[in-house]
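Trainee: I would like to learn how to read a structure that I have not met before. Could you take me through it feature by feature?

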Amino acid sequence: MTFTYPGKTEPAVSNLSFEIRLGETVALVGRNGSGKSTIVKLLARLYDPSSGQVIVDGHDLRWYDPQDLWKEYSVMFQDFVEYQLTAGENIGVGNLEEITDELVIEDAAQRAGADRLIESFPEEYDTILGKWFEGGTNLSGGEWQRIALARAFMRDAQILILDEPTAALDPQAEFDLFKRLTALSEGKMTLFISHRFSTTRYADRILVLDGGRLIESGTHDELMALDGVYAELFDLQAASYR
Ligand SMILES: Nc1ncnc2c1ncn2[C@@H]1O[C@H](COP(=O)(O)OP(=O)(O)O)[C@@H](O)[C@H]1O
Ligand SMILES: [Mg+2]
């Protein structure tokens, strides 16, 4: 599959071919601009490939009815929106059919690890977030990220896609979140993007991107044995933690 953004001459991703099965957790790694978020958008069918195809669970994405397809997705895009709504509504917009269901919202918050944060707000789930309204509570980037993650958990979808959900979290918080994810992604197809190799190493499969191309693919052990780009980047990061 190749994809070029409208108005661009160079493809953002080229000659990619991969298939993700239900039950699999796949990590996408690669430097900024390597095409990771573009793959997320292609998987969610916000764009169709310029040539080639995306295959999910054995079918070209275009084979699915988009409405049915989207029901099966929980996506946290990298550029998630910070809605100036209450904490509860901020999470509830992840599934408009259930935006008024407090139990569903609190369950999503708990699964994302955002429940204690929200309970610390003056009016808990009824607290307006953002500083634009009088009495609004403004959040740090990491706190917004937890809210956005809870939004992604509003649906019990089969396909979970997280684009750098943990970028604003410290390593311990990222590790906690990843443990949560592993339990949640049981039986689902999970694709996540992170720059921290300490968490991506536990994925069933790791795809390494460079300049829009898939340069390596395998488990952590396989890629370490390959002793290529992944192994080099992993060792570099591991050294910085020593
Ligand atoms: N909406 C867009 N329009 C045009 N070019 C884009 C757009 N989004 C991303 N790109 C370009 O596509 C390439 C891949 O970007 P992206 O998928 O965001 O990479 P990553 O998520 O790995 O940092 C980059 O060269 C980027 O500049
Ligand atoms: Mg990105």
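Mentor: We will go through the sheets, then the helices, and then the surroundings of the ligand, keeping in mind that this is a predicted model.

Trainee: In which order do the strands of the six-stranded open sheet follow one another?

Mentor: Strands of a sheet pair through backbone hydrogen bonds, either parallel or antiparallel. Here the open sheet of six strands has the order β5-β6-β7-β2-β8-β9, and its pairing is mixed. At its edges are β5, residues 73–76, and β9, each of which pairs on one side only. If direction is ignored, neighbouring strands in this sheet are turned by 15° against each other on average.

Trainee: How many bridges join β5 to β6, and how many join β8 to β9?

Mentor: Strand β5 and strand β6, the latter covering residues 159–163, run parallel and are joined by four bridges, with M76 standing opposite L162 of β6. At the other edge, β8 (residues 205–210) and β9 (residues 213–218) are antiparallel and pair over five bridges, and here L209 stands opposite L214 in β9. The hairpin of β8 and β9 has two residues between the strands, and in this hairpin G211 takes a positive phi near 55°.

Trainee: What is the strand order in the sheet of three strands?

Mentor: That open sheet is ordered β1-β3-β4, with mixed pairing. Its edges are β1 (19–20) and β4 (59–60), and because each has a single partner strand, one side of each is left without a neighbour in the sheet. Strand β3, residues 55–56, pairs with β4 in the antiparallel sense over two bridges, and I55 has D60 of β4 as its bridge partner.

Trainee: Which strands do the helices α1 and α6 lie across?

Mentor: Helix α1, residues 36–43, lies across β2 (25–29), β6, β7 (189–193) and β8, and runs at about 155° to β6. Helix α6, in turn, lies across β5 and β6, running at about 170° to β5.

Trainee: At what angle do the axes of α4 and α6 cross?

Mentor: Two packed helices are described by the angle between their axes and the distance between the axes. For α4 (residues 102–112) and α6 (residues 141–152), the axes come within 8 Å and cross at roughly 125°, and the two helices are therefore oblique to each other. Their crossing is right-handed, and the contact is made by A108, A109 and A112 from α4 together with R146, L149 and A150 from α6. By residue class, this contact divides into five nonpolar, no polar and one charged.

Trainee: Which residues surround ligand 1?

Mentor: Ligand 1 is surrounded by Y5, K8, A12, G30, N32, G33, S34, G35, K36, S37 and T38. When this shell is sorted by class, the residues divide into two nonpolar, seven polar and two charged.

Definitions and conventions: Residues numbered from 1 in each chain as written. Chains lettered and ligands numbered in written order. Predicted model: local features only at pLDDT ≥ 70, side-chain atom pairs only at ≥ 80, totals over all residues. Pairing = 2+ DSSP bridges. Near = placed C-beta within 6 Å. Nonpolar A, V, L, I, M, F, W, Y, C, P; charged D, E, K, R; others polar. Axes fitted to C-alpha atoms, helices over the stretch in contact; angles between N-to-C directions. Parallel < 35°, antiparallel > 145°, perpendicular 65-115°, else oblique. Left-handed = near helix turned anticlockwise from the far one by under 90°. Contact = placed C-beta atoms within 7 Å.
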